[in-house]
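Here is a short set of exercises to work through with the model open beside you. Try each task before reading its solution.

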Amino acid sequence: MGFDTKILHQPLESLSGSNRPLVMPIYQSVKFTADTFEELQEVFTKKEGRYVYSRMSNPTVRQLEVLLSQLQGCEDGL
């Protein structure tokens, strides 16, 4: 793996189940991965539960949607 590839595909820090961030981190990723093609196909057909591309959905944006809906007394945000 070349230097440029290593920069683009950095190792991810995994946290244990009890070690969660106090505040939701800002996800600046544009693309998210899927382990198999079938999993990716399921994400695009059901459109729930997973992030694929930030223009469609993003964990940071989703957290803001949930927070704003709670503050306004709504079920969900969009």
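**Exercise 1. A pair in helix H3**

About how many helical turns separate glutamate 65 and arginine 62 in helix H3?

Solution. Start with the sequence positions: glutamate 65 and arginine 62 are three residues apart in helix H3, so about one helical turn separates them. Next, look at the side chains, which meet in a salt bridge with N to O at 3.1 Å. The term stands for a side-chain nitrogen of Lys or Arg within 4 Å of a carboxyl oxygen of Asp or Glu. The helix label comes from DSSP: helices are H or I runs of at least four residues and strands are E runs of at least two, numbered from the N terminus.

Before going on, please note how the values were made. This is a predicted model, in which local features need pLDDT of at least 70 and side-chain atom pairs count only at pLDDT 80 or more, while totals for chains, interfaces and linings use all residues. Residues are numbered from 1 along each chain as its sequence is written, and side-chain values use heavy atoms, with hydrogens and water left out.

**Exercise 2. Extend the network**

Find the other salt bridge of arginine 62 and say what the pair ties together.

Solution. Step one: arginine 62 also forms a salt bridge with aspartate 76, with 2.9 Å between the closest N and O atoms. Step two: arginine 62 sits in helix H3 and aspartate 76 in the segment after H3, so this pair ties together parts 14 residues apart in sequence. Step three: through shared partners, the salt bridges join Arg62, Glu65 and Asp76 into one network. The count of salt bridges comes to two. Step four: check the exposure, where buried means under 20% relative accessible area, exposed over 50%, and partly exposed in between (1.4 Å probe, protein chains only). Arginine 62 is partly exposed at 28%, and aspartate 76 is partly exposed at 46%.

**Exercise 3. Serine 69 and threonine 45**

Is serine 69 buried or exposed, and which backbone oxygen does its side chain reach? Then do the same for threonine 45.

Solution. Serine 69 lies in helix H3, residues 59–71. With a relative accessible area of 5%, serine 69 is buried. Its side chain reaches the backbone oxygen of valine 66 at 2.8 Å. Now list the contacts (heavy atoms within 4.5 Å): leaving aside neighbours within four places in sequence, serine 69 touches Cys74, Glu75, Asp76 and Gly77.

Threonine 45 lies in helix H2 and counts as exposed because its relative accessibility is 62%. A polar atom of the threonine 45 side chain lies 3.1 Å from the backbone oxygen of glutamate 42.

**Exercise 4. Leucine 40**

Which residues does leucine 40 contact, leaving aside its neighbours within four places in sequence?

Solution. Leucine 40 has its place in helix H2 and is partly exposed, with a relative accessible area of 27%. Its contacts under that condition are Ala34 and Val52. For a backbone distance, take leucine 40 and arginine 50: they are 10 residues apart along the chain, and their C-alpha atoms are separated by 9.0 Å.

**Exercise 5. The whole chain**

How many helices and strands does the protein have, and where is confidence lowest and highest?

Solution. Count the elements: there are three helices and zero strands, running α-α-α from the N terminus on. Of the 78 residues, 8% are buried. Among contacts between residues at least 6 apart in sequence, 30% join residues at least 24 apart.

Finish with pLDDT, the predictor's confidence in each residue, from 0 to 100. The mean is 76, and 76% of the residues reach 70 or more. Confidence is lowest in H1, at a mean of 66, and highest in H3, at 84.

Methods:
Polar contact = N/O pair within 3.5 Å; in protein donor to acceptor, adjacent residues only side chain to side chain.
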